[in-house]
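Here is a short set of exercises to work through with the model open on your screen. Try each task before you read its solution.

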Amino acid sequence: MAILDVYEAVTSRRAVRGFIDRPVPREVLERVLSAAAWAPSGSNLQPWRAYVVTGGPLAELKKRAGERVAAGDAWDEREYEMYPPSLKSPYYERRSAFGEERYGALGIPRGDWEARQRAAAGNWQAFGAPAALFCYIDRDMGRPQWADLGMFLQTVMLLLRAEGLNSCPQMAWSVFRKTVAEVVSPPEGLILFCGMSIGFEDVTVDYIRTGRAPLDETVTFVDG
């Protein structure tokens, strides 16, 4: 197995929205998640609870999600706020630019809401991925522990890159949380933060990689 340089893993990681139907070996997923357990968390709480779904259970989840989409079912009520109700600059502009790039690459005009919804429906098919991870957190946890969740998930995604795999983190699954719960049966008291599609990239799917803000917009050096 060729191991990626850490910098290469970071810069090559992106949200892949097209996977081939090639199974991901169980031992690879176990290796990744065993190593990701070393992600930092305040006072070592390790507040994440992950469920990895493959094979028949994932096929069933996709089937149930697809039936909801086809029936036009309302989304499940959000258990957390995905974005502030009013995004100020520069965050509003960054989000708008992402939407333009994402749907523009698919040939979907700005005002075509139905086409955008059809494209978004790919989320609930895990974009064809053969594996999906669902990350939960205890509802009693606070903001610092939600930050710990992010560090754990980033560690997972970088380790997947080291294994030659790709991923797509998806908060979209939070609005189908009841359907996910039907398959993974989480205990009471957990909130589904996100799903993550995992697999081998379908290189025939076109994409435009979103850019990043210049360093001086996000970092300030205070030195002598």
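**Exercise 1. Backbone surprises**

Does Asn44 count as buried or exposed, and at what relative accessibility?

*Solution.* Keep in mind from the start that this is a predicted model. Step one is the accessibility: Asn44 has a value of 51%. Step two is the cut-off: exposed means over 50%, so Asn44 counts as exposed. Step three is the backbone. Most residues other than glycine have a negative phi. Asn44, though not a glycine, has a positive phi of about 55 degrees. Asn44 is placed in the loop between α2 and β1.

Now turn to Ser43, which also sits in the loop between α2 and β1. Ser43 is not a glycine either, and its phi is positive, about 55 degrees. With 74% relative accessibility, Ser43 counts as exposed.

To finish, look at a peptide bond. Most peptide bonds are trans. The one from Ser89 to Pro90 is cis, with omega near 5 degrees. Pro90 belongs to the loop between α3 and α4.

**Exercise 2. Laying out the sheet**

Work out the strand order of the sheet and say which strands stand at the edges.

*Solution.* Begin with the order: the open sheet has 4 strands, arranged β1-β2-β4-β3 with antiparallel pairing. Next, find the edges. β1 (48–54) and β3 (166–170) each have a single partner strand, so one side of each is left without a neighbour in the sheet. On average, neighbouring strands are turned by 25 degrees against each other, direction ignored.

Then check the pairings of β4. Strand β4 (residues 190–199) pairs with β3 in the antiparallel sense over 5 bridges, while 8 bridges join β4 to β2, again antiparallel. To find the register, use Met196 in β4: Leu133 stands opposite Met196, and so does Pro169. Another landmark is Asn166, which stands opposite Gly199 in β4.

Now add the helices that pack on the sheet. Helix α3 (residues 55–71) touches β1 and β2 (131–138), and its direction makes about 95 degrees with that of β1. Helix α6 (residues 143–162) touches β1, β2, β3 and β4, and its direction makes about 10 degrees with that of β4.

Last, how many residues of β4 are buried? The count is 10 of its 10 residues, and β4 is described as mostly covered.

**Exercise 3. Tracing salt bridges**

Follow three salt-bridge pairs and decide what part of the chain each partner comes from.

*Solution.* The total for the model comes to 10 salt bridges. Take these pairs one at a time.

1. Glu30 and Arg26 form a salt bridge, with 2.8 Å between the closest N and O atoms. Both are in helix α2 (residues 26–36); because they are 4 residues apart, about one helical turn separates them. Glu30 is partly exposed at 41% relative accessibility, whereas Arg26 is exposed at 61%.
2. Glu79 and Arg139 form a salt bridge whose closest N and O atoms are 2.9 Å apart. This pair links distant parts of the chain, 60 residues apart: Glu79 is in the loop between α3 and α4 (91–105), and Arg139 is in the loop between β2 and α6. Glu79 is partly exposed at 30%, and Arg139 is partly exposed at 43%.
3. Arg94 and Glu217 meet through their side chains at 3.1 Å, N to O. Arg94 lies in helix α4 and Glu217 in helix α8 (residues 215–218), so the pair ties together parts that are 123 residues apart in sequence. Arg94 is partly exposed, at 34%.

As an extra, select Glu60, Arg64 and Glu182 together: these residues are linked in a network of salt bridges.

**Exercise 4. Looking into a cavity**

Which residues line the largest cavity, and which element gives the largest share of the lining?

*Solution.* Start with the count: there is 1 cavity of 30 Å³ or more. The largest cavity has a volume of about 30 Å³. Its lining is made by Leu29, Val32, Leu33, Val52, Leu133, Val156, Leu160 and Ile198. Then sort by element: α2 and α6 are the elements that give two or more residues to this lining. The largest share, 3 residues, comes from α2.

Terms used. Residues are numbered from 1 along each chain as its sequence is written. This is a predicted model: local features need pLDDT of at least 70, side-chain atom pairs count only at pLDDT 80 or more; totals for chains, interfaces and linings use all residues. Side-chain values use heavy atoms; hydrogens and water are left out. Two strands pair if DSSP finds at least two bridges between them. Axes are lines fitted to C-alpha atoms, for helices over the stretch in contact, and angles run from 0 to 180 degrees between N-to-C directions. Contact means heavy atoms within 4.5 Å. Buried means under 20% relative accessible area, exposed over 50%, partly exposed in between (1.4 Å probe, protein chains only). A salt bridge is a side-chain nitrogen of Lys or Arg within 4 Å of a carboxyl oxygen of Asp or Glu. On a 1 Å grid over the protein atoms alone, a cavity is a set of points where a 1.4 Å probe fits but cannot get out, and a pocket is an open set with protein on both sides within 12 Å along at least five of seven lines; lining residues have an atom within 4 Å of a point. Grid points are joined across faces, edges and corners, and a volume is the space filled by probe spheres set on the points.
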